[in-house]
Amino acid sequence: QRSVVVETRWVRVAKNNMDWSKDHNHPVVRSAHWLFVALTIFIAMLTLAKIREYHFIGQGVTPQTVISVTGEGKAFAAPDIARFSYSVEETAKTVGEAQKKATAKANKISAEIKKAGVAEKDLKTTSYNISPKYEYENKVGGPVCMGYSCPPFEGKQVVVGYTVSQSNEVTVRSVDKAGELIAVVGGLEPQYVSGLSLLVEDDNAINREARSEAIVEAKKKARELASDLGVKLVRVVNFQEGSMYGVYSAKAYGGGSMESASVAPEIAPGENQYNSNVTITYEIR
């Protein structure tokens, strides 16, 4: 009878276990279910990370199989401003006297330039110098000698005066008026008028045009070269651009004394040329 009772208890336990395993709302079953879901998600994420890692292997390595091509572009634009410089120079026995004479002449020229329509911002002083003027004074009764074997003369350098010079740069917003303004300045007898340059004030757009043409030429060369070599272009791995530079259309009055230059020169603006050079490197396979 006792063995029958024990056996009945085991049957009851087994039956209970079968009952809760079939019950999806049972806490143990529910915990096991979520544990399985979490483990599945973890394994999926780990696998995805490994796949991505494999995808990017070698991406940071510099490609060894490459070709490089160059391109040159040109663009043209008519200049819209003109610039030139002028200088005044005066000498006197004292610095004060030299400054007074130089300032008077410089101010007179500046006033006439402004009267001709040049704005204050377009008149700029680029240099101002004060320097002593020397003469060599020989000692009376010194030796008379000629040739390289002569001993040095007894004497000294003495200051006989001072020279004051001032240089200004003028920007003319209308190229057509540049010649007239040069004539005005020349009629006031400066020491020099020099360096007339005809420029495009905002040259960003024209530089971009030249660069774009250079890139188009380089890409065309790359396609042709890849076809000739029997390879394919993969991607651009390097790009270099040389310095943008312009070939300006005019340089009048290279420099010189302006004692009587009061006749307006004819200024031909022409066109300025802007050049761009680029180098593009492609990975190939």
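Three exercises on a predicted model follow, each with a worked solution.

**Exercise 1. Helix α4**

Task: Find which residues of α4 are buried, and state how many of its ten residues that makes.

Solution:
- Locate the helix. α4 spans residues 178-187.
- Apply the cut-off. Buried means under 20% relative accessible area.
- List the hits. A178, G179, L181, I182, A183, V185 and G186 are buried.
- Take the count. Seven of the ten residues are buried, so by the under-20% cut-off the helix is mostly covered.
- Look past the end. E189 follows α4 and has a positive phi, near 55°.

**Exercise 2. The largest pocket**

Task: Describe the lining of the largest pocket by residue, element and class.

Solution:
- Start with the volume. The largest pocket has about 190 Å³.
- Go to the residues. The lining has 13 of them, and A116, G117, V118, V172 and K177 lie nearest the centre.
- Assign elements. β4 (155-172) and α4 each supply at least two lining residues. The largest share, three residues, comes from α4.
- Sort by class. Six lining residues are nonpolar, three polar and four charged.

**Exercise 3. A surface patch**

Task: Identify the residues that form a nonpolar patch with F42, and decide whether F42 is buried or exposed.

Solution:
- Place F42. This residue lies in helix α2, residues 27-56.
- Compare with the cut-off. Exposed means over 50% relative accessible area. F42 has 53%, so F42 is exposed.
- Name the partners. L39, I43 and L46 join F42 in the patch.
- Give the area. Together the four have about 400 Å² of accessible area.
- Recall the helix geometry. An α-helix has 3.6 residues a turn, so residues three or four places apart point the same way.

Notes. Residues numbered from 1 in each chain as written. Predicted model: local features only at pLDDT ≥ 70, side-chain atom pairs only at ≥ 80, totals over all residues. Heavy atoms only, no water. Buried < 20%, exposed > 50% of the residue type's maximum accessible area, 1.4 Å probe, protein only. Helix = DSSP H or I, 4+ residues; strand = E, 2+ residues; numbered from the N terminus. 1 Å grid on protein atoms, 1.4 Å probe; cavity = no way out; pocket = protein on both sides within 12 Å on 5 of 7 lines; lining within 4 Å. Points joined across faces, edges and corners; volume = space filled by probe spheres on them. Nonpolar A, V, L, I, M, F, W, Y, C, P; charged D, E, K, R; others polar. Patch = residues over 30% accessible without salt bridge, like charges linked within 9 Å, V, L, I, M, F, W, Y side chains within 5 Å. Areas by Shrake-Rupley, 256 points an atom, 1.4 Å probe, with all protein chains shown as cover. Salt bridge = Lys/Arg side-chain N within 4 Å of Asp/Glu carboxyl O.
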